[in-house]
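Thanks for coming, everyone. Let me put today's structure on the screen, and then we'll talk about charge.

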Amino acid sequence: MDKFYRIENIEVFRKWVYFQVQNDPRLIIEKYDKRTFKIFYHNKVARFVVWPIGIIEEAISEGEELLFYLHYQFYNFHYATDLFYRMIDKLTEETVSKKHILLCCSGGMTTGYFAEKMNQYCELNKLPYDIQATAVYNLESIYQKYDLILIAPQLRYKEAQLSQKLKPIKVQSIEPSVFATYHCQGLLEQIEKYCKSEVKS
């Protein structure tokens with residue numbers, strides 16, 4: 001693209017972005033300086049910058065955390081508008097509130113290790129679960145903070161008793177093969193099955 005036309009087209013694109021955001025009732029836009037817009041959505045802030053050399057920079061942050069970052073050479077409107085809409089989609093993406101899951105075994109050590117592995121797995125895969133562990137003797141003092149309690153196979157005989165005592169929190173036992181191998185995906189499938197059933201009911 002000829003340098004003159006590229007500069008003209010970038011300026012048109014910059015104005016287009018401003019009016020697109022201004023006409024979206026979900027968003028608030030502020031001109032930060034000659035080349036930068038800040039776009040606000042709830043607790044997230046997007047920064048849209050047009051650099052004189054024809055580079056477009058897009059970033060989204062929430063507090064100190066950078067959620068999205070992209071920079072690209074402006075070639076044409078189709079390419080640039082597609083990338084802009086991707087940024088807006090990410091900006092307006094709703095945060096899923098975390099489910100709090102408690103693993104419980106006789107002494108808390110085995111489930112403590114499993115909880116640690118599960119939290120690493122959830123963080124790596126960006127899954128909305130916080131997994132903690134406890135010993136069975138401590139269960140009654142903390143169970144109210146959790147959405148689901150998963151007990152070790154050796155406590156399966158207590159499942160009905162604990163379900164009655166800890167109402168309305170759901171208590172389920174972990175499959176022995178999942179527990180014995182610390183199978184994160186297997187436990188995740190059990191958690192997600194429970195969460196889906198809760199949404200339906």
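How many positive and negative side chains does the protein chain have, and how far apart do the centres of the two sets lie? The count is 26 positive and 25 negative. The two centres lie 2 Å apart. Keep in mind that this is a predicted model.

Now the overall form. The protein chain has 201 residues. Its radius of gyration is 25 Å, whereas a compact globule of that many residues would have one near 17 Å. The C-alpha trace spans about 75 × 30 × 30 Å along its principal axes. Seven helices and nine strands make up the secondary structure count.

Next, packing and surface. Of the residues, 40% count as buried. Take the contacts between residues at least 6 apart in sequence: 49% of them join residues at least 24 apart. The exposed area is about 12500 Å². Carbon and sulfur atoms supply 52% of that area.

Back to charge, and to pairs. Side chains of opposite charge can pair when their charged atoms come close. How many salt bridges does the structure hold? There are six. I'll walk through some of them.

Start with Asp 24 and Arg 26. Their side chains meet in a salt bridge, at 2.8 Å from N to O. Is Asp 24 buried or exposed? Asp 24 counts as buried, because its relative accessibility is 15% and the cut-off for buried is under 20%. Arg 26 has a relative accessible area of 44%, so Arg 26 is partly exposed.

Next up, Arg 47 and Glu 57. This salt bridge has an N to O distance of 3.8 Å. The pair links distant parts of the chain, ten residues apart. Arg 47 sits in strand E3, residues 44-50, and Glu 57 sits in strand E4, residues 55-62. On burial, Glu 57 counts as buried, at 11% relative accessibility. Arg 47 is partly exposed, at 32%.

Then a pair within a helix. Which helix holds both Arg 86 and Asp 82? Helix H2, residues 77-91, holds both. The two residues are four apart, about one turn of the helix. Their side chains meet in a salt bridge, at 3.3 Å from N to O. Asp 82 has 34% relative accessibility, so Asp 82 counts as partly exposed.

To wrap up: we saw a bridge with its acid buried at Asp 24, a bridge from strand E3 to strand E4, and a bridge inside helix H2. Over to you for comments.

Methods
Residues are numbered from 1 along each chain as its sequence is written. This is a predicted model: local features need pLDDT of at least 70, side-chain atom pairs count only at pLDDT 80 or more; totals for chains, interfaces and linings use all residues. Side-chain values use heavy atoms; hydrogens and water are left out. A salt bridge is a side-chain nitrogen of Lys or Arg within 4 Å of a carboxyl oxygen of Asp or Glu. Buried means under 20% relative accessible area, exposed over 50%, partly exposed in between (1.4 Å probe, protein chains only). The radius of gyration is taken over C-alpha atoms; the globule rule is 2.2 Å times the number of residues to the power 0.38. Contact means heavy atoms within 4.5 Å. Accessible areas come from the Shrake-Rupley method with a 1.4 Å probe; for residues, only the protein chains shown count as cover. Lys and Arg count as positive and Asp and Glu as negative; His and the chain ends are not counted. The place of a charge is taken as NZ of Lys, CZ of Arg, CG of Asp or CD of Glu.
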